[in-house]
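Trainee: I have the sequence and the model open. Please take me through the salt bridges and the surface.

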Amino acid sequence: MGFKKGDVRINRQGRPKGKPNLITRDLRDLLQNFCNRKYEDIERDWKELTPRERVQTWIGLLPYVTPRLQSVEQKSDLDRLSDEQLEILANKLISKL
């Protein structure tokens, strides 16, 4: 059931600038608590990944732990990199944290 034109219950101001999205904050807190509880399992599983899987995992997780500065499309062709190059890339990413 949607709103009708002229309905007084419509929030025409929207969310104030700078006010955090509560659902996003709650989800981040939930993910952070999960990762803290499962750290040893995650670390063990990480060691079993191939270099390619490690890089892909980092790429997938970064949006959840770093602020989004600007939406930019980044194309990367990981298939062109050797396992050694991927290992170097994964190690560089880890050292930045």
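**Salt bridges, pocket and patch**

Mentor: Start with R52, which is partly exposed at a relative accessible area of 22%. Partly exposed lies between buried, under 20% relative accessible area, and exposed, over 50% (1.4 Å probe, protein chains only).

Trainee: What am I looking at, and how are the residues numbered?

Mentor: This is a predicted model, in which local features need pLDDT of at least 70 and side-chain atom pairs count only at pLDDT 80 or more, while totals for chains, interfaces and linings use all residues. Residues are numbered from 1 along each chain as its sequence is written, and side-chain values use heavy atoms, with hydrogens and water left out.

Trainee: OK. Which residue does R52 form a salt bridge with?

Mentor: D83, with 3.9 Å between the closest N and O atoms. R52 belongs to helix α3 and D83 to helix α4, residues 83-96, so the pair ties together parts 31 residues apart in sequence. A salt bridge here is a side-chain nitrogen of Lys or Arg within 4 Å of a carboxyl oxygen of Asp or Glu. The helices are DSSP runs (H or I, at least four residues), numbered from the N terminus.

Trainee: How accessible is D83?

Mentor: D83 counts as partly exposed, at 44% relative accessibility.

Trainee: What does R54 pair with?

Mentor: R54 forms a salt bridge with E87, and the closest N and O atoms are 3.2 Å apart. Again one partner, R54, is in helix α3 and the other, E87, in helix α4, so the pair ties together parts that are 33 residues apart in sequence.

Trainee: Is R54 buried or exposed?

Mentor: R54 counts as buried, with 14% relative accessibility. Its partner E87 is partly exposed, at a relative accessible area of 24%.

Trainee: Where do shared partners join salt bridges into a network?

Mentor: At D41, R44 and D45, which salt bridges with shared partners join into one network. Within it, the side chains of R44 and D45 meet at 3.8 Å, N to O. R44 is partly exposed at 44% relative accessible area, and D45 counts as partly exposed at 38%.

Trainee: How many salt bridges are there in the whole structure?

Mentor: Five, from a search of the whole structure.

Trainee: How far apart are D83 and R54?

Mentor: Their C-alpha atoms are 11 Å apart in space, and the two residues are 29 apart in sequence.

Trainee: New topic, pockets. What is the volume of the largest one?

Mentor: About 900 Å³ for the largest pocket. Of its 19 lining residues, C35, I42, W58, L61 and V65 are the closest to the centre. The elements giving two or more residues to that lining are α1 (22-37), α2 (39-48) and α3 (51-65).

Trainee: Which of those gives the largest share?

Mentor: α1, with six residues of the lining.

Trainee: And what classes of residue line the pocket?

Mentor: Twelve are nonpolar, three polar and four charged.

Trainee: L61 came up there. Which helix is L61 in, and how accessible is L61?

Mentor: L61 is in helix α3 and counts as partly exposed at 45% relative accessibility. L61 is also one of the residues of a nonpolar surface patch, together with L27, L30, L31, Y64 and V65. Patch residues have over 30% relative accessible area and no salt bridge, with nonpolar side chains joined within 5 Å and like charges within 9 Å.

Trainee: How much accessible area does the patch have?

Mentor: About 610 Å² together. Helices α1 and α3 each supply at least two of the patch residues.

Trainee: Last one. How far is T24 from Y64?

Mentor: T24 and Y64 are 9.8 Å apart, C-alpha to C-alpha, with their positions 40 residues apart in sequence. T24 lies in helix α1 and is partly exposed, at 34% relative accessible area.

How values were computed:
On a 1 Å grid over the protein atoms alone, a cavity is a set of points where a 1.4 Å probe fits but cannot get out, and a pocket is an open set with protein on both sides within 12 Å along at least five of seven lines; lining residues have an atom within 4 Å of a point. Grid points are joined across faces, edges and corners, and a volume is the space filled by probe spheres set on the points. Ala, Val, Leu, Ile, Met, Phe, Trp, Tyr, Cys and Pro count as nonpolar, Asp, Glu, Lys and Arg as charged, and the others, Gly among them, as polar. Accessible areas come from the Shrake-Rupley method with a 1.4 Å probe; for residues, only the protein chains shown count as cover.
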